[in-house]
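Colleague: Please take me through one part of this model at close range, beginning with a single residue and the strands around it, and then set that part against the rest of the chain. I would like the cut-offs stated as you go.

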Amino acid sequence: MSAVTTPDGTRDAEAKVGARRRALLPTNERNRWLLVIALGCLLLVALDAWWIVVHRHGYPLDIDEAGYTTIGLNDYLGLQNGGLHGWWEAVQSQPPNAPLLPAVTSLALLVNPGVLAGFVVLVGFAILLVLSAFGIAETLSGPRLGALVAFAVATSQGLFSFSREYIFALPTAAFLSCAVFALIRSDGLRSKRWAIACGVATGLMLLARTMSVAFVPGVLLAAGLVLFLRGRGELKNRLVNLSLLMLAGVAVAATWYWRNITPVADYLTTYGYGSKSQYYGAEHAFISWARVKSVAEYMIVKDLLAPLALLLLLGLVATAAIVIQHLCRATDRREELTRLLASDATSVLLVFVAGYAALMSSRNGGEGFTFPIVMLLPALAVLSLRGLRRSVVVPISLSIAAIGALNVTASLDISDNVSRVRSIHVPVFGYVPWVDGRPKAVEAIRIQIPGPSTRFTSNDEGWPRMDDRLADLLLKPIGPGKTQPLTGMASRNRALNVNTIMLASVLRHHVGLPLVQLEAEPADTPAAYIAQLQDSPIGELNALISMSSDQGDFPPIVTQSKAETAAKRLGFRVLRRFKLPDGRQLNLWLKRR
């Protein structure tokens with residue numbers, strides 16, 4: 001009997017309700033899953049916004065966050081005072097730090113000036129990364145598995161960490177994934193539009209973080225591989241598109257690198273391979289298992305945690321087994337191997353492998369260096385699930401959902417017991433965390449400043465207030481002779497340092513301080529500090545900030561007693577003493593003769 005001819009009209013009403021529901025939903029399966037992901041992204045935005053307001057507002061920034069936030073504020077002030085030209089010049093004048101995140105933050109500051117604007121921008125890049133991850137996985141495995149990958153990325157340890165710490169890892173990861181997505185959508189570089197999009201995304205990645213130059217060879221190798229392995233058809237057109245890809249990347253990156261390539265090159269070689277790299281990683285032979293292990297360890301500990309890392313490993317092993325099985329069964333193994341090498345999955349894998357190799361070349365592990373490439377792995381791991389029975393796919397999907405729920409719960413910091421680190425012993429790697437709700441910014445401060453490992457407390461609010469007091473004091477003439485201070489910072493404290501004081505000055509007074517850091521290189525001696533006090537980049541210094549202890553400072557550590565000895569020999573005397581939130585004493589010295 002037809003639903004519309006039912007006497008009581010019940011089925012007719014149900015049919016109409018069903019029809020209205022179907023009309024509200026996209027007809028395409030891909031779009032339906034995109035709608036689900038969009039709703040999930042809205043939830044992610046809400047969670048991050050709540051967390052940032054509760055856990056970052058009024059609390060200290062780590063040294064890198066403070067420095068990058070100051071750059072964004074300088075860009076904003078350039079726009080306010082000089083229009084677009086002033087903004088452009090400000091963006092160009094901050095080498096060797098990549099310009100993109102601070103520049104975008106400066107535009108967000110037009111809406112709401114303040115430190116939290118930068119975190120809002122990071123949430124936007126988090127959404128871009130999730131959508132790009134879906135795009136890659138959907139192209140390789142279909143919309144359902146694409147949605148599963150998007151969920152895994154959105155609830156990963158790395159995404160929560162780097163959307164809540166104002167550094168460059170998240171935009172770098174987002175644009176690398178965008179570049180890979182555009183490359184595989186280009187259909188072996190047949191599409192001019194997608195080839196150019198890949199180049200633009202690669203250029204934006206370079207603007208997001210200077211070390212991302214390590215990922216460019218992988219993108220170009222993947223593009224070259226599909227160009228020559230996917231037949232000779234339209235070869236001339238595809239060569240043109242490869243040229244357009246490279247030109248687009250160079251053109252976008254050149255907007256900033258053209259004027260700043262020298263300081264960037266010096267910075268990358270010094271901190272990546274030179275004397276400064278020793279402070280950011282252990283020394284291993286260039287080609288060694290230790291180098292391989294160190295990069296993998298960063299991925300597990302910082303980006304994935306043990307449960308998701310194990311699932312991805314199982315998925316990758318299963319995918320490799322399927323590939324080997326196909327090759328063994330193929331009647332023409334050479335043709336089958338060529339087909340596999342020319343596949344979109346191989347392009348994604350090549351970007352990962354090349355990036356991994358590049359990271360191995362430097363002892364500098366960096367913060368978030370591995371995050372951009374590790375976010376490509378979920379799309380490769382789910383390849384083994386294509387065509388499997390529902391009874392196999394559902395348990396794996398539920399496992400990923402459980403891991404994601406655990407990560408979300410730990411990241412909310414609703415309980416110290418839930419968010420604290422729990423580790424498990426893993427062969428080869430030793431003890432690695434399977435739960436870790438510590439925000440990276442809190443973790444960075446807690447290396448030196450006592451307090452809960454997962455959150456800031458009211459006592460930590462004293463650090464930004466101390467920054468404010470110093471900024472107010474050092475911007476005007478001080479001492480009996482009303483001396484305008486040119487200040488050296490002896491301490492390399494994690495909560496109060498050159499960057500945090502400078503940030504307070506720009507926030508409160510819209511101007512930077514004449515403030516420089518004393519360096520423990522080439523020597524940590526009074527004589528070396530005398531030389532720096534007499535001849536600094538801003539001239540002869542007449543003020544100095546030191547602390548009663550250098551325990552826990554950033555290496556290379558400036559021994560406070562040695563810096564104070566140098567100051568005394570030059571006629572400096574303590575002008576003011578301040579008690580810091582952790583009980584240390586800060587000394588402000590002024591030259592009296």
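**Asparagine 587 and its surroundings**

Modeller: Asparagine 587 counts as buried, because its relative accessibility is 6% and buried means under 20% relative accessible area (exposed is over 50%, partly exposed lies in between, with a 1.4 Å probe and protein chains only). This is a predicted model, in which local features need pLDDT of at least 70 and side-chain atom pairs count only at pLDDT 80 or more, whereas totals for chains, interfaces and linings use all residues. Residues are numbered from 1 along each chain as its sequence is written, and side-chain values use heavy atoms, with hydrogens and water left out.

Asparagine 587 belongs to strand 7 (residues 585–591); strands here are DSSP runs of E with at least two residues, helices are runs of H or I with at least four, and both are numbered from the N terminus. The burial of this residue fits its strand, as 6 of the 7 residues of strand 7 are buried. Contact means heavy atoms within 4.5 Å, and, not counting residues up to four places away in sequence, asparagine 587 touches Leu544, Ile545, Ser546, Glu564, Val574, Arg576 and Arg577.

Two polar contacts can be named for this side chain, a polar contact being a pair of N or O atoms within 3.5 Å (within protein, one must be able to donate a hydrogen and the other to accept it, and residues adjacent in sequence count only if both atoms are side-chain atoms). One joins the side chain of asparagine 587 to that of glutamine 585 at 2.8 Å, and another joins it to the side chain of glutamate 564 at 3.4 Å.

The strands on either side come next; two strands pair if DSSP finds at least two bridges between them. Strand 7 pairs with strand 5 (residues 543–547) in the antiparallel sense over 5 bridges, and within this pairing alanine 543 has leucine 590 of strand 7 as its bridge partner. Strand 7 also runs antiparallel to strand 6 (residues 572–579), to which 7 bridges join it, with phenylalanine 578 and leucine 586 as bridge partners. Strand 6 and strand 7 form a hairpin with 5 residues between the strands, where glycine 583 takes a positive phi near 95°.

A cis peptide bond, with omega near -5°, leads from proline 555 to proline 556, and proline 556 is in the loop between strand 5 and helix 24 (560–569). Histidine 510, in the loop between helix 22 (498–509) and strand 4 (515–517), has a positive phi near 60° although it is a residue other than glycine. Histidine 510 is exposed because its relative accessible area is 52%. Most residues other than glycine have a negative phi, and most peptide bonds are trans.

How does this part stand against the rest of the chain? The C-alpha atoms of asparagine 587 and arginine 333 are 74 Å from each other, with their places 254 residues apart along the chain. A nonpolar core is a set of buried Ala, Val, Leu, Ile, Met, Phe, Trp, Tyr and Cys residues joined through side-chain atoms within 4.5 Å. The largest core has 124 residues, and those with the most contacts inside it are Leu129, Ile136, Leu176 and Phe371. A second, separate core of 27 residues includes Ile449, Ile478, Leu586 and Leu588.

In the largest core, the largest share, 15 residues, comes from helix 5 (residues 117–141). Isoleucine 136 contacts Ser177, Val180, Phe181, Ile184, Val348, Leu376 and Ala379, once its neighbours within four places in sequence are left aside. Leucine 189, in the loop between helix 8 (169–185) and helix 9 (192–208), has a positive phi of about 70° without being a glycine. Leucine 189 counts as buried because its relative accessibility is 0%.

Helix 3 (residues 63–92) bends by about 150° at glycine 82, the bend being the angle between axes fitted to the seven residues ending there and the seven starting there. Its end C-alpha atoms span only 22 Å, where a straight helix of 30 residues would span 44 Å, the expected span being 1.5 Å times one less than the number of residues.
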